[in-house]
Amino acid sequence: MADTLKALITAEEIAARIAELGRQIRADHPDDTITVIAVLKGSFIFLADLVRAIPGNVRVEFLGVASYHGGTHSSGAVQITQDLRSEIRGQVCLLVEDIVDTGLTMDYLLRMLEVRGPKVLKLVSLLDKPSNRETSVPVDYVGFTIPDEFVVGYGLDLGELYRNLPYVAVYSP
Ligand code: IMP
């Protein structure tokens, strides 16, 4: 297993960057309760660390999405497997994603959430793979910009495996 994984971003680098992101997000919205909307499943570990790095009031919501269906290439089709449990009208919302690749998933979700009338709707992604973009997506906060490689770990999976790696690694078959 180990010979197919090459560390790209260490646990220490991730922790340091998330501390910065948390401070920046709060500084941009000093007085608001922030509704953090985690896109499942890939963002669950990033979410857990990010919310603890944002001082002040935060609400957490989950949005279940399936887009890769176990492979390493985006199908482009976005399937909602679990919707939000509460309204977001008038709220400052932060969509939390693990990685923006083609941009198709975030493009779909941002449109879907925008019509529900949030006061603010921003996007934070731990990873950004801009070279693979098929549609332009405004990523307000980016943890790390990475090359066009398939990565796993820190919540990101390949066929549901590797989510538990504490760092981000490039997977090569
Ligand atoms: P997009 O719609 O192509 O931007 O892809 C969004 C989703 O594809 C992400 O939320 C991930 O679940 C998955 N994805 C894209 N690139 C990778 C990768 O390198 N590793 C693991 N999952 C990925």
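**Exercise 1. Work out whether R163 is buried or exposed, then find its salt-bridge partner and the network around the pair.**

Step 1. R163 has a relative accessibility of 12%, so it counts as buried, given that the cut-off for buried is under 20%. Keep in mind that you're looking at a predicted model.

Step 2. Now look for a partner. The side chain of R163 meets that of E160 in a salt bridge, with N and O 3.0 Å apart.

Step 3. Check the partner too. E160 has a relative accessible area of 43%, so it is partly exposed.

Step 4. Zoom out a little. K41, D157, E160 and R163 are joined into one network by salt bridges that share partners.

**Exercise 2. Describe where F44 sits and what it touches.**

Step 1. F44 belongs to helix α2. With 37% relative accessibility, F44 counts as partly exposed.

Step 2. Skip the neighbours within four places in sequence, and the contacts of F44 are G155 and R163. So R163 from the last exercise turns up here again.

Step 3. For a sense of distance, try A77. From C-alpha to C-alpha, F44 and A77 are 21 Å apart in space, and they are 33 residues apart in sequence.

**Exercise 3. Set out two of the salt bridges, D49 with R52 and D101 with K129, side by side.**

Step 1. Start with the background: side chains of opposite charge can pair when their charged atoms come close. This structure holds 10 salt bridges.

Step 2. Take D49 and R52. Their side chains meet with N and O 2.9 Å apart. Both residues lie in helix α2 (residues 44-53), three residues apart, which is about one turn of the helix.

Step 3. Add the accessibility. D49 is partly exposed because its relative accessibility is 29%, while R52, at 65%, counts as exposed.

Step 4. Now take D101 and K129. The closest N and O atoms of this salt bridge are 4.0 Å apart. D101 is in the loop between β5 and α3, and K129 is in the loop between β6 and β7, so the pair ties together parts that are 28 residues apart in sequence. D101 and K129 are both buried.

**Exercise 4. Find out what surrounds E97, and whether it is buried or exposed.**

Step 1. Locate E97: you'll find it in strand β5, which covers residues 92-100.

Step 2. E97 is buried, yet it has no salt bridge. The nearest side chain of opposite charge belongs to R163, and that is 9.1 Å away.

Step 3. What does E97 touch instead? Beyond its close sequence neighbours (within four places), its contacts include V39, F46, T105, M106 and L123.

**Exercise 5. Name the residues closest to the ligand and look at three short distances.**

Step 1. The ligand is surrounded by 18 residues, and the closest are D101, T102, G103, T105 and V151.

Step 2. Go to the oxygen atoms of the ligand. A side-chain N or O atom of T102 is 2.5 Å from a ligand oxygen. T105 also places a polar side-chain atom 2.5 Å from an oxygen atom of the ligand.

Step 3. V151 uses its backbone: one of its backbone N or O atoms lies 2.5 Å from a nitrogen atom of the ligand.

**Exercise 6. Classify the aromatic pair in this structure.**

Step 1. Searching the whole structure turns up one aromatic pair.

Step 2. The pair is Y162 and Y171, with ring centres 5.8 Å apart and planes at 50 degrees, so it counts as tilted.

Step 3. Finish with accessibility: Y162 and Y171 are both buried.

Terms used:
Residues are numbered from 1 along each chain as its sequence is written. This is a predicted model: local features need pLDDT of at least 70, side-chain atom pairs count only at pLDDT 80 or more; totals for chains, interfaces and linings use all residues. Side-chain values use heavy atoms; hydrogens and water are left out. Helices (H or I, at least four residues) and strands (E, at least two) are DSSP runs, numbered from the N terminus. Buried means under 20% relative accessible area, exposed over 50%, partly exposed in between (1.4 Å probe, protein chains only). Lys and Arg count as positive and Asp and Glu as negative; His and the chain ends are not counted. Contact means heavy atoms within 4.5 Å. Rings of Phe, Tyr and Trp (its six-membered ring) pair if their centres lie within 6.5 Å; planes under 30 degrees apart count as stacked, over 60 as edge-to-face and the rest as tilted. A residue is near a molecule or strand if one of its heavy atoms lies within 4 Å of it. A polar contact is a pair of N or O atoms within 3.5 Å; within protein, one must be able to donate a hydrogen and the other to accept it, and residues adjacent in sequence count only if both atoms are side-chain atoms.
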